[in-house]
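Work through the exercises below with the sequence and the model at hand. Each task is followed by a solution in steps.

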Amino acid sequence: ENYEKIVSLYESKQETTEAEKTSYRQALSGLIWDLEKLYNQETAKCPGNNPKIFSKAHQDAHQSCLDSVWKDYQNNREKYESKFDTLE
């Protein structure tokens with residue numbers, strides 16, 4: 001998406017202007033926002049978790065799905081947030 005392009009372009013430059021840094025920050029924030037939306041969409045796809053209806057196997061599958069989605073979310077969020085640290 002456009003956020004990815006902005007981040008890639010900024011990171012390929014050796015020297016940047018303040019306006020470019022601002023765009024980079026905004027793009028990183030946009031990527032984190034998109035990541036939040038994706039996380040919510042992905043968790044909604046996990047099997048339901050109603051102990052009265054679903055078996056232990058279904059509950060385990062639900063938790064496994066949530067754990068996987070959470071791990072991906074955390075890894076990507078940390079990657080984007082660490083890029084903020086590289087800014088002066």
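**Exercise 1. Find the handedness of the disulfide.**

Task: Which cysteines form a disulfide, and is it left-handed or right-handed?

Solution.
Step 1. Apply the distance rule, in which a disulfide is a pair of cysteine sulfur atoms within 2.5 Å. The torsion about the S-S bond of C46 and C65 is about -75 degrees, so the disulfide is left-handed.
Step 2. The sulfur atoms of C46 and C65 are 1.9 Å apart, and the count by this rule comes to one disulfide.
Step 3. Place the pair in the chain: C46 is in the loop between α2 and α3, C65 is in helix α3, and 19 residues separate them. Helices here are DSSP runs (H or I, at least four residues), strands are DSSP runs of E with at least two residues, and both are numbered from the N terminus.
Step 4. Check accessibility, where buried means under 20% relative accessible area, exposed means over 50%, and partly exposed lies in between (1.4 Å probe, protein chains only). C46 is buried at 7%, whereas C65 is partly exposed at 21%.

**Note on the model.** This is a predicted model, in which local features need pLDDT of at least 70 and side-chain atom pairs count only at pLDDT 80 or more, while totals for chains, interfaces and linings use all residues. Residues are numbered from 1 along each chain as its sequence is written, and side-chain values use heavy atoms, with hydrogens and water left out.

**Exercise 2. Describe the overall build.**

Task: What is the pattern of secondary structure along the protein chain, and is the chain compact or spread out?

Solution.
Step 1. The protein chain has three helices and zero strands, in the order α-α-α.
Step 2. Compare the radius of gyration, taken over C-alpha atoms, with the globule rule of 2.2 Å times the number of residues to the power 0.38. The radius of gyration is 18 Å, well over the 12 Å that the rule gives for 88 residues, so the chain is more spread out than a compact globule.
Step 3. Along the principal axes, the C-alpha atoms fill a box of roughly 60 × 20 × 15 Å.
Step 4. Buried residues make up 20% of the 88 residues.

**Exercise 3. Check the spans of two helices.**

Task: What spans do α2 and α3 reach, and what is expected?

Solution.
Step 1. The expected span of a helix is 1.5 Å times one less than its number of residues.
Step 2. For α2, with 28 residues, 40 Å is expected, and its end C-alpha atoms are 41 Å apart, which agrees.
Step 3. For α3, with 30 residues, the distance from its first C-alpha to its last is 43 Å, close to the 44 Å expected.

**Exercise 4. Assemble the nonpolar core.**

Task: Which residues make up the largest nonpolar core, and which element gives the most to this core?

Solution.
Step 1. Use the rule that a nonpolar core is a set of buried Ala, Val, Leu, Ile, Met, Phe, Trp, Tyr and Cys residues joined through side-chain atoms within 4.5 Å.
Step 2. The largest such core has 11 residues: V7, Y10, Y24, A27, L28, L31, I32, L35, Y73, Y80 and L87.
Step 3. Elements that give two or more residues to this core are α1 (2-12), α2 (18-45) and α3 (56-85). The most comes from α2, with six residues.
Step 4. List what is buried in each long-listed helix. In α2, the buried residues are K21, Y24, A27, L28, G30, L31, I32, L35 and T43, and their cover includes α1 and α3. In α3, they are H62, V69, Y73, Y80 and K83, which pack against α1 and α2.**Exercise 5. Compare two tyrosines of α3.**

Task: Which residues are in contact with Y73 and with Y80, leaving aside neighbours within four places in sequence?

Solution.
Step 1. Contact means heavy atoms within 4.5 Å.
Step 2. Y73 lies in helix α3 and is buried, with a relative accessible area of 8%. Its contacts, outside the four nearest places in sequence, are L35, E36 and Y39.
Step 3. Y80 is also found in helix α3 and counts as buried at 10%. With the neighbours within four places left aside, Y80 is in contact with E4, L28, L31, I32 and L35.
Step 4. Set sequence separation against distance, C-alpha to C-alpha. Y73 and L31 are 42 residues apart in sequence and 12 Å apart in space. Y80 and L28 are 52 residues apart in sequence and 6.2 Å apart in space.

**Exercise 6. Examine a loop residue.**

Task: Is T16 buried, partly exposed or exposed?

Solution.
Step 1. T16 is found in the loop between α1 and α2.
Step 2. At 27% relative accessibility, T16 counts as partly exposed.
Step 3. Not counting residues up to four places away in sequence, T16 touches Y10 and K21.
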